Structures are given as structure tokens and as C-alpha cells.
Amino acid sequence: MKLTVTADTFRLAEVFTISRGSRTEAKVLTVRIGDGAHQGWGECVPYARYGETLASVSAEIEALPLPLDRAGLQRALPAGAARNAVDCALWDLEAKRAGKRVWELAGLPAPGPMITAYTLSLDTPENMRAAAAKHAHRPLLKIKLGTPDDMPRLEAVRAGAPAARIIVDANEGWTAEVYAELAPHLVRLGVELVEQPLPAGDDDMLAEIARPLPVCADEACHDRASLPALRGKYDLVNIKLDKTGGLTEALALRDAARAEGYGVMVGCMVGSSLAMAPAVLLAQGADVTDLDGPLLLAEDRPEPLTYDEAGVHPSAPALWG
């Protein structure tokens, strides 16, 4: 078994801004695992919010003992970007060895397209209104907020896309006071969901204040071990492969979350079609799908995912799985 990890960069179509900063490119790690006859690959996005860098995640991956299978990988690495890329590469390798699709190996039903959110990044109200108008034809818009001055942005987006469904992501940027003030206006403007309004680890107030619309845990939920701390504070969990450490744990988290009564959102970091492909399997039947990473790129992998009016389609075997 041979494992290689390389850094790849994809230019973004536009500057992408959230409450923690801006970027003009997506920097990812690509893992390839081969056995001499077949090769699988996977992608991860190291995330500074979780203490990850390209160098640190590369080092974790390169230190793995070989040969390796998915069960051994779960023991060798914690949840996070490093385990994600390797786990997804191992799934791809297993599928190629077996001559089957990953969904068959995982015992999942045949996947279909899923309507996905399209993200509008944090900007001035004027620019966000223009962006909303440009993408008003899309069925679901996700709005990046997370400042004390978000009310004009909310009004601007709704004015720009009066018929679109809207969800909001504060990326831990609000205080309990700001959220309590904004919540009635979110409802008034038809917002269906708010992601991570308060910082993870400082979100106990969500159990004490009114939640007039569903609240989704993002930074507060990584894997199954996160679930006990979410009780009474959140209504949904946002499952991302780079947080769970791959498709293996993500599927387990999805089942556990549903068993505990949580709704499920499947999200992503800003990455290529290779990163989204396994997440499309995870998103089957999800309450909310947010797998728009490739739509934000100016360039993508060969054989990229198809996006159309039906949503994001499952990957072709030439890409992954």
C-alpha cells in the first residue's frame, strides 16, 4: 500500500467572506492510496478554526502506519481533516477493488440529486442585495452573517430575493443579546434556520432564551461525542466530513443524531467536487443540504459534480466512489 498527500489550490470565482475573514482561493490536501492495482483518493480542507494547517494535517497523514483499513484509521487519528481525506480515499479504493459503488458497500440506497443551498458571503448590504438578486433563481440561499450590524444585511438580501428560501449562518459571531434582538426579525423575513449563532463552548444561553426558529449546531458539533453537550440548545446538527473525520463517522453521527431527535444538515468547507462527492451520499434524506463548494470555485477537478435545477447530483465513478 502506498499513500501520498499533495497540496492543491483552486481559485475562487469571487472573494468569499465570513465573520472570521476572507479568502480568494481554496487550499486543500489530496490523499491518494494505492495497492499497485487500484488507487483511491480523497480531499480535505484543513481549517484554522480547529487548529489545523496544511502542514500539520499533512504531517498527521504521512505518519500513518501502513497498510491501513478504515477501522484502523478510526483508532489511529481523531476526528478532523486528516482522517477525512484518508477515510474517503479508503472508501474509494474499496469501491474500485470491489467493482461496486461506495453506496452499495455502505448498504445505502441508490443516491439521487439533492437541492443544495447557495452561499452569499458577508459583505455590505448593497453588495449582498445585488448578490441575492443575481442568485434569486436558486431555491435556497445561505447568508453569511455574524456581526452586530446584520439587520440591514438581512433586509437587503430579502429585498434582493423576495421569493427565495433563506437560511442564515452566523459562524459564532453573535452574542446572546444580539441573537435575541435579531431572532424576531429572522422570523419576520422568512428565515428558516440559523446556524451557530453563539460561539461553541459559550452557547449555554441557547437553552435559556427563546428559539423562535430552528437552531443548527455547526462548530459545536464534530462527531458523536459532541451530541450530549447539544441537548436543549440545538434543533439540528450540521455534519461536515472535515469535522467528523470522514464518511465512516459521518454516517454514524447522522444515525445517532436522528435517533436523538435532531434534524440533519449536511455541509461542507470550500473545496472541490472531490470533497463534495462522499458528502452527497451522506446528504440523502437530509433536512438541509449545503454542498455548494464547487459552485464557488473558478476551477474544479476533472469529471466534476453536476449541478442543475434538480440540485447536486451523485458523482460519476470517474470522480469518486
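**Notebook: strands, sheets and cores**

I began with Val168 and looked up its bridge partner in S7, which is Val194. I note at the outset that the model is predicted, and I keep that in mind for every entry below.

**Entry on S6 and S7**

I then followed the other pairings between these two strands, and I found Ile166 opposite Val191 in S7, while Asp169 stands opposite Glu195 in S7. S6 and strand S7, the latter spanning residues 191-195, pair in the parallel sense over three bridges. Between them I traced helix H7 (residues 176-188), and S6, H7 and S7 together make a right-handed β-α-β unit.

How many of the five residues of S6 are buried? I counted four of the five in residues 165-169, so strand S6 is largely enclosed by the rest of the structure. I checked S7 in the same entry, and S7 is mostly covered, with four of its five residues buried.

**Entry on the other partner of each strand**

Turning to strand S5 (residues 140-144), I found that S5 and S6 pair in the parallel sense over five bridges. One of the opposed pairs that I looked up is Leu140, which stands opposite Arg165 in S6. The chain crosses from S5 to S6 through helix H6 (residues 151-160), and I recorded this β-α-β crossover as right-handed.

For S7 I looked up strand S8 (residues 215-217), to which S7 is joined by two bridges, the two strands running parallel. Val194 came up again here, since I found Val194 opposite Val215 in S8. Val194 is thus a residue that I have entered twice, as the bridge partner of Val168 and as the residue opposite Val215.

**Entry on the sheets**

Which order do the eight strands of the open sheet have? I read the order as S4-S5-S6-S7-S8-S9-S10-S11, with parallel pairing. Strand S4 (118-120) and strand S11 (288-289) stand at the edges with a single partner strand each, so one side of each is left without a neighbour in the sheet.

I also examined an open sheet of three strands, which has the order S1-S2-S3 and antiparallel pairing. At its edges are strand S1 (2-18) and strand S3 (39-44), each with a single partner strand, so that one side of each lacks a neighbour in the sheet. From one strand to the next, I noted a twist that averages 20 degrees. Strand S2 (residues 21-34) is joined to S3 by six bridges, and the two run antiparallel; within S3, I found Trp41 opposite Arg32. Helix H1 (residues 54-62) lies across S1, S2 and S3, and I recorded that H1 runs at about 10 degrees to S2.

**Entry on the nonpolar cores**

Which residues have the most contacts inside the largest nonpolar core? This core has 81 residues, and I listed Val168, Trp174, Tyr179 and Trp320 as those with the most contacts inside it. Helix H10 (residues 273-282) supplies the largest share of this core, namely eight residues.

I looked more closely at Trp174 and, leaving aside its neighbours within four places in sequence, I found it in contact with residues including Val168, Tyr179, Leu182, Leu186 and Val194. Also among the contacts of Trp174 are Leu145, Gly146, Thr147 and Asp150, as well as Pro197, Leu198 and Pro199. A second, separate core of 19 residues includes Leu29, Leu73, Leu77 and Leu90.

**Entry on the cysteines**

How many disulfides does the structure hold? I found zero. Cys216 is in no disulfide, and the nearest cysteine sulfur, that of Cys221, is 8.2 Å away. The cut-off that I applied is a pair of sulfur atoms within 2.5 Å. Cys221 is likewise in no disulfide, its nearest cysteine sulfur being that of Cys216.

Buried or exposed, I asked of Cys216? With 0% relative accessibility, Cys216 counts as buried, and I entered Cys221 as buried because its relative accessibility is 0%.

How values were computed: Residues numbered from 1 in each chain as written. Predicted model: local features only at pLDDT ≥ 70, side-chain atom pairs only at ≥ 80, totals over all residues. Heavy atoms only, no water. Buried < 20%, exposed > 50% of the residue type's maximum accessible area, 1.4 Å probe, protein only. Pairing = 2+ DSSP bridges. Right-handed = clockwise from strand over helix to strand, strands pointing away. Axes fitted to C-alpha atoms, helices over the stretch in contact; angles between N-to-C directions. Contact = heavy atoms within 4.5 Å. Core = buried A, V, L, I, M, F, W, Y, C linked by side-chain atoms within 4.5 Å.
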